[in-house]
Structures are given as structure tokens and as C-alpha cells.
Amino acid sequence: MGRRIVKKLKRKCSVCGKPLTIKVYSDGTYSGGHFFGSLKDDMIRLGIYDPKIPDEKYEYWECDMCFLNHAHESYEAVI
């Protein structure tokens with residue numbers, strides 16, 4: 001049976017702002033962007049988390065172009 005789309009998410013590239021449509025499949029994989037995690041815990045730790053802002057706004061996503069352009073960099077050094 002192949003995998004099927006179970007959800008579509010609307011997100012934005014954290015680098016260039018390009019709108020992303022993320023397709024989440026029945027096997028737990030996704031396509032349409034590169035996810036690096038949520039910054040929510042860091043914002044809470046720094047005391048600057050705003051619970052009025054939806055949690056997905058704290059997610060760090062990149063479009064294919066930004067991911068490819070920055071693939072040579074260390075993301076740990078950026079964050």
C-alpha cells in the first residue's frame with residue numbers, strides 16, 4: 001500500500017520567509033521543507049516565551065534553496 005498524506009502544514013522558511021507547504025505522510029516522514037526543531041524551550045529558558053504566540057511560530061524550518069545554500073555551515077554555531 002504506499003504512504004499517504006495524513007496532514008498538510010503551512011509554515012514559513014526561517015531564513016528567507018518563503019511560504020512552505022509541509023506534507024506529513026502516514027509513515028511519519030514529511031516533505032516540503034527541512035525541520036531543525038523548536039526554539040520554544042530555549043525561549044522559555046531565556047524568559048522571552050510568549051504563550052499567546054502559537055507554538056508552530058517557534059519552529060525552525062528552511063526551504064530547499066536556503067538549506068542547500070547553507071548546507072556547508074554549522075547550525076550549532078548559528079543557534
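**A tour from Glu 62 outward**

Select Glu 62 and Tyr 60: their side chains make a polar contact at 2.7 Å (N or O atoms within 3.5 Å, one able to donate a hydrogen and the other to accept it; residues adjacent in sequence count only if both atoms are side-chain atoms). This is a predicted model, where local features need pLDDT of at least 70 and side-chain atom pairs pLDDT 80 or more. Residues are numbered from 1 along each chain, and side-chain values use heavy atoms, without hydrogens and water.

Stay on Glu 62. Its side chain also reaches the backbone nitrogen of Phe 67, at 3.4 Å. Glu 62 sits in strand E5, residues 59-62 (a DSSP run of E, at least two residues).

Next, show Tyr 30 and Trp 61. Their ring centres are 5.5 Å apart and their planes at 80°, so the pair is edge-to-face (centres within 6.5 Å; planes under 30 degrees apart are stacked, over 60 edge-to-face, the rest tilted). Tyr 30 lies in strand E3, 31 residues from Trp 61. Trp 61 is buried at 5% relative accessible area, while Tyr 30 is partly exposed at 38% (buried is under 20%, exposed over 50%, partly exposed in between, with a 1.4 Å probe and protein chains only). Add Phe 35: with Tyr 30 and Trp 61, Phe 35 forms one aromatic cluster.

Move to Tyr 49 and Tyr 58. Here the planes meet at 40° with centres 5.2 Å apart, so this pair is tilted.

Finish on the cysteines. The sulfurs of Cys 16 and Cys 66 are 3.7 Å apart, too far for a bond (a disulfide needs sulfurs within 2.5 Å). The count is 0 disulfides.

Terms used:
Helices (H or I, at least four residues) and strands (E, at least two) are DSSP runs, numbered from the N terminus. Rings of Phe, Tyr and Trp (its six-membered ring) pair if their centres lie within 6.5 Å; planes under 30 degrees apart count as stacked, over 60 as edge-to-face and the rest as tilted.
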